[in-house]
Structure formats: structure tokens, C-alpha cells
Amino acid sequence: MTGVPTVIVHRDAELLAQAVAARLITRLVDTQAARGSAHLVLTGGTVGIATLAALAGTAARDAIDWRALDIWWGDERFLPTGHPERNETGARQALLDHVDVDPARVHPMPGPDSGMTAEEAADAYAVELAKAARPEDHGPVPSFDVLLLGMGPDGHVASLFPGQPAVYEEERPVVAVHGSPKPPPTRVSLTFPALRAAREIWVVAAGEEKAQAVRMALSDAGPFQVPAAGARGRQRTLFLLDRAAAHKIPPSLGRIASP
Ligand SMILES: O=C(O)[C@H](O)[C@@H](O)[C@H](O)[C@H](O)COP(=O)(O)O
């Protein structure tokens, strides 16, 4: 784990989504200018999808070279392709159906309609990640330029739930998750080793019900109990919050970015 997270607080959930969308445009444009292409990891959840919708609604989205972008998911609900509860479906409806992505560079996690079990889907995703990794990357996954994470009131990120076997995985980059406390029970998730390959991790959270988990994630809580406490990027970690989610952290920690 590297560095202390930077905390940025916006007025409310709507402005937070707009601000994260604007930040994504800048970051992806800068990365593509420097390296030609970029790797972005998406999240499900309310703020995650609201951010993608905000991005789709911003004219500046055209500054991104959508065809030079690999899109991955941090986790997926193990449901058939097109199911309304899949994180992929939400991302496609909010953003991906409205921009000129290269279909070959959009990497959804397989669902049960692939004929695979959740374990096989996790292994297949690990193979796909390994194919995209370059020798200069730190292990069998690409160095994600931005990895977006929503966070649950229990401090979970991706489908890494407190105390569940997936949080203890130190080898495999992707695992199957059974018995998730948030429905649906079966999921596929990146693990801590894969998350920590990211150059930047942006934890995005809004709402009073997240305030306690935000405080714990920024304290010295252990990642097995509060998985968001273990989500740290190699170069930078941002906690992008609305005021309600930020109100339990010491004022010294948060930078208020919106009046
Ligand atoms: O499949 C999912 O649900 C997610 O990927 C999950 O990790 C989500 O991001 C958080 O639970 C926050 O979700 P909310 O923003 O809806 O609270």
C-alpha cells in the first residue's frame, strides 16, 4: 500500500458525479497524450453509474480517444449478459452505448450465460488481464491508470466484503465470491493484489450511510475488516466524497472543493 489518500469533498452526490467525470476526462486525456492509450476500471453502484452518466452528458467527453481505451470491471454480479442488475449493463446504458469504444477493448466479466461457473469466469478474466499486461507492469494485470471503486456502508469495495475469503486472497487477481451480503450472492471480483496494481485508485462515495465506513477506511482500520482501507493505488489514492459521506472524518483531512 502506498501513500496517504487525498480526500476531496464536494457539496452533494450530483456535483460529486459531475466532478469525478470531469477529473476522469483530464486524467484519461493526459494518459493518452503520454502513452497513447489508457486502462480504466469501472465500478457498479449508485455513484459509480451516476459518474458514467455525468461523463456521457459532458461535451468534453469527446476529448477522450474512446478507441484507445481499455475498459475493465472491478467486480461483477454473476448474472447473465444484459441482466439489468449487472454492473456491465448499467455502464453500457449510462455511457458505453453512447461513445465510440472499441468493442474488442471492452472487457466485461463473464456471466453464467457463458456456460462457466463463477470460479471459471474468474479464471477466464485473469487470463484476459494477463494478456493485456506488459513486461513493465507489476504482475499479471495491466497497470490500470484509474480504478474506480464505490464503497458500501460496511466498507466493502468491488466485491471484497469484510471478513470474507476474497479479502484474504494474496495470489489470484480475480476470484469468485459466494454469499455476498449485498445481493446478488454470487459475484466475481478483482482481489487486493489486482487493485494494488493500479496507478490510481479513486474511491467514490456519497451519503450519510457511508460516513462511518469512510472514517474507518481513512483511519488505521485493517483491510480485512474494512476493505476500503486496503484500496491504495501505487501512485495515488483519492477519496472523492460528498459532504454527507465525509462528515465523520477529521476536518483536517478533507479538502472542500465545492462551496
Ligand atoms: O456490485 C456492486 O454493487 C459494486 O461494485 C459495489 O462494490 C458498489 O460499488 C458499492 O456497493 C457501492 O454501491 P452504492 O454506491 O450503490 O452504495
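Is F224 buried, partly exposed or exposed? F224 is partly exposed, because its relative accessibility is 33% and the partly exposed class runs between 20% and 50%. This is a predicted model. The report takes the aromatic pairs, then the pockets.

**Aromatic pairs**

A search of the whole structure turns up two aromatic pairs. A pair of aromatic rings is described by the distance of the centres and the angle of the planes.

| Pair | Centre distance | Plane angle | Geometry |
|---|---|---|---|
| W72 and Y125 | 5.8 Å | 80° | edge-to-face |
| Y168 and F224 | 4.5 Å | 35° | tilted |

Start with W72 and Y125. Their planes stand at 80°, so the pair is edge-to-face; the cut-off for that class is over 60 degrees. W72 sits in strand β3, residues 69-73. Y125 belongs to helix α4, residues 118-132. The pair therefore ties together parts that are 53 residues apart in sequence. Both W72 and Y125 are buried.

Now Y168 and F224. Here the planes meet at 35°, so the pair is tilted. That angle is neither under 30 degrees nor over 60. Y168 is in the loop between β5 (146-149) and β6 (174-177). F224 is in the loop between α6 (211-217) and β9 (236-242). This pair therefore ties together parts that are 56 residues apart in sequence. Y168 has 44% relative accessibility, so Y168 counts as partly exposed. F224, at 33%, is also partly exposed.

**The largest pocket**

Rolling a probe the size of a water molecule over the atoms shows where empty space is left. The largest pocket has a volume of about 350 Å³. Its lining is made up of 25 residues. G45, T46, M151, K182 and K210 lie nearest the centre.

Which elements give two or more residues to this lining? They are α1 (13-35), α2 (46-56) and β4 (75-77). α2 gives the most, with four residues. By class, the lining of the largest pocket holds nine nonpolar, nine polar and seven charged residues.

**The second largest pocket**

The second largest pocket has a volume of about 200 Å³. It is lined by 13 residues. Nearest its centre lie R35, H39, R134, E136 and D137. How does this lining divide by class? Eight residues are charged, three are polar and two are nonpolar.

Definitions and conventions: Residues numbered from 1 in each chain as written. Predicted model: local features only at pLDDT ≥ 70, side-chain atom pairs only at ≥ 80, totals over all residues. Heavy atoms only, no water. 1 Å grid on protein atoms, 1.4 Å probe; cavity = no way out; pocket = protein on both sides within 12 Å on 5 of 7 lines; lining within 4 Å. Points joined across faces, edges and corners; volume = space filled by probe spheres on them. Nonpolar A, V, L, I, M, F, W, Y, C, P; charged D, E, K, R; others polar. Phe/Tyr/Trp six-rings, centres within 6.5 Å; stacked < 30°, edge-to-face > 60°. Buried < 20%, exposed > 50% of the residue type's maximum accessible area, 1.4 Å probe, protein only.
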